[in-house]
Amino acid sequence: MFRPIRKVKNAISQEAALQLLRSARRGVLALNGDDGYPYAIPINFYFNEADMTICFHGARAGHKVDAMKACDKVCFTVLGKEEVRSPEEAWAPHVKSVVVFGRCHAVEDPEEFHTLLKAFAMKYYPTEQMVDDEIRASGKNAAIYKISIEHFSGKEVQER
């Protein structure tokens, strides 16, 4: 169902792909948008390796929510940091990426919502106290969405 990486020599191991999902701070979520146009937006995310899901927060209404309701199939892409391996090739860095395919839905269960919201926030805030304060202040206005990963692959290319 999902296509393999065309240039197999560029593929990275599943562990390297998982490491990029663990460490990256932002990715691009792509959905089927209005009138057949793709809709891709950068988002912060939390990778929950225990159940192989990607969680993100957002509003309860808008283009992204409408697109997910119309079609739950999504693609999510993460880029790693560019790596220059030699001074002679500084103009052509190496970069890793991971592409994830899955289905996305809003988290409705209040306990799961709170657990995921806190885990997501802990990735970005420096202290648990700050997380708890932010959740108390504006957590009730947030929605948490979860991508159930059906397939992922990673690759590394040199940009030359």
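How many bridges pair β1 with β5, and in which sense? β1 and β5 pair over three bridges, in the antiparallel sense. The report below starts from the overall layout and then follows the strands, the salt bridges and the surface.

## Overall layout

This is a predicted model. The chain holds four helices and seven strands. Their order along the sequence is α-β-β-β-β-α-β-β-α-α-β. The C-alpha trace spans about 50 × 40 × 25 Å along its principal axes. Of the 160 residues in the chain, 38% are buried.

One pair of residues gives a feel for distances within the model. P87 and E111 are 24 residues apart in sequence. In space, their C-alpha atoms are 51 Å apart. P87 belongs to the loop between β5 and β6. P87 counts as exposed because its relative accessibility is 71%, and the cut-off for exposed is over 50%.

## The β1-β2 hairpin

Strand β1 covers residues 26-32 and strand β2 covers residues 38-44. The two run antiparallel and are joined by seven bridges. Two of the partnerships can be named. G27 has I43 as its bridge partner in β2. L29 has I41 as its bridge partner in β2.

Five residues lie between the strands of this hairpin. There, D35 adopts a positive phi near 55 degrees.

The faces of β1 are unlike in cover. G27, L29 and L31 make up the covered face. R26, V28, A30 and N32 make up the uncovered one. Both G27 and L29, named above for their partners in β2, thus sit on the covered side.

## From β1 across to β7

Pairing can be followed from strand to strand. L29 of the hairpin also stands opposite F76 in β5. This contact belongs with the antiparallel pairing of β1 and β5, which has three bridges. F76 in turn stands opposite V100 in β6. β5 and β6 run antiparallel, joined by seven bridges.

The next step leads from β6 to β7. These strands pair over 13 bridges, again in the antiparallel sense. Here G102 stands opposite I149 in β7. The pairings described give a path from β2 to β1, from β1 to β5, from β5 to β6 and from β6 to β7.

## Salt bridges

Side chains of opposite charge can pair when their charged atoms come close. The whole structure contains 10 salt bridges. R85 takes part in two that can be described here. With E83, the N to O distance is 3.3 Å. With E156, the N to O distance is 2.3 Å. The R85 and E156 pair links distant parts of the chain, 71 residues apart. R85 sits in the loop between β5 (73-79) and β6 (94-106), while E156 sits in strand β7 (residues 143-158). E83 is partly exposed, since its relative accessibility is 39%. R85 is partly exposed as well, with a relative accessible area of 45%.

Which helices does the salt bridge of E128 and K118 tie together? E128 pairs with K118, and their closest N and O atoms are 2.7 Å apart. E128 lies in helix α4 (residues 128-138) and K118 in helix α3 (residues 110-124), so the bridge ties together parts that are 10 residues apart in sequence. E128 is partly exposed because its relative accessibility is 43%. Elsewhere, E15, R22 and E49 are linked in a network of salt bridges.

## A positive patch

Which residues form the positive surface patch? The patch consists of R6, K7, K9 and K155. K7 lies in the segment before α1 (14-23). Is K7 buried, partly exposed or exposed? With 42% relative accessibility, K7 counts as partly exposed. Patch residues need over 30% relative accessible area, so K7 clears that cut-off.

Conventions:
Residues are numbered from 1 along each chain as its sequence is written. This is a predicted model: local features need pLDDT of at least 70, side-chain atom pairs count only at pLDDT 80 or more; totals for chains, interfaces and linings use all residues. Side-chain values use heavy atoms; hydrogens and water are left out. Patches are made of residues with over 30% relative accessible area and no salt bridge: like charges are joined within 9 Å, nonpolar side chains (Val, Leu, Ile, Met, Phe, Trp, Tyr) within 5 Å. Accessible areas come from the Shrake-Rupley method with a 1.4 Å probe; for residues, only the protein chains shown count as cover. A salt bridge is a side-chain nitrogen of Lys or Arg within 4 Å of a carboxyl oxygen of Asp or Glu. Lys and Arg count as positive and Asp and Glu as negative; His and the chain ends are not counted. The place of a charge is taken as NZ of Lys, CZ of Arg, CG of Asp or CD of Glu. Buried means under 20% relative accessible area, exposed over 50%, partly exposed in between (1.4 Å probe, protein chains only). Two strands pair if DSSP finds at least two bridges between them.
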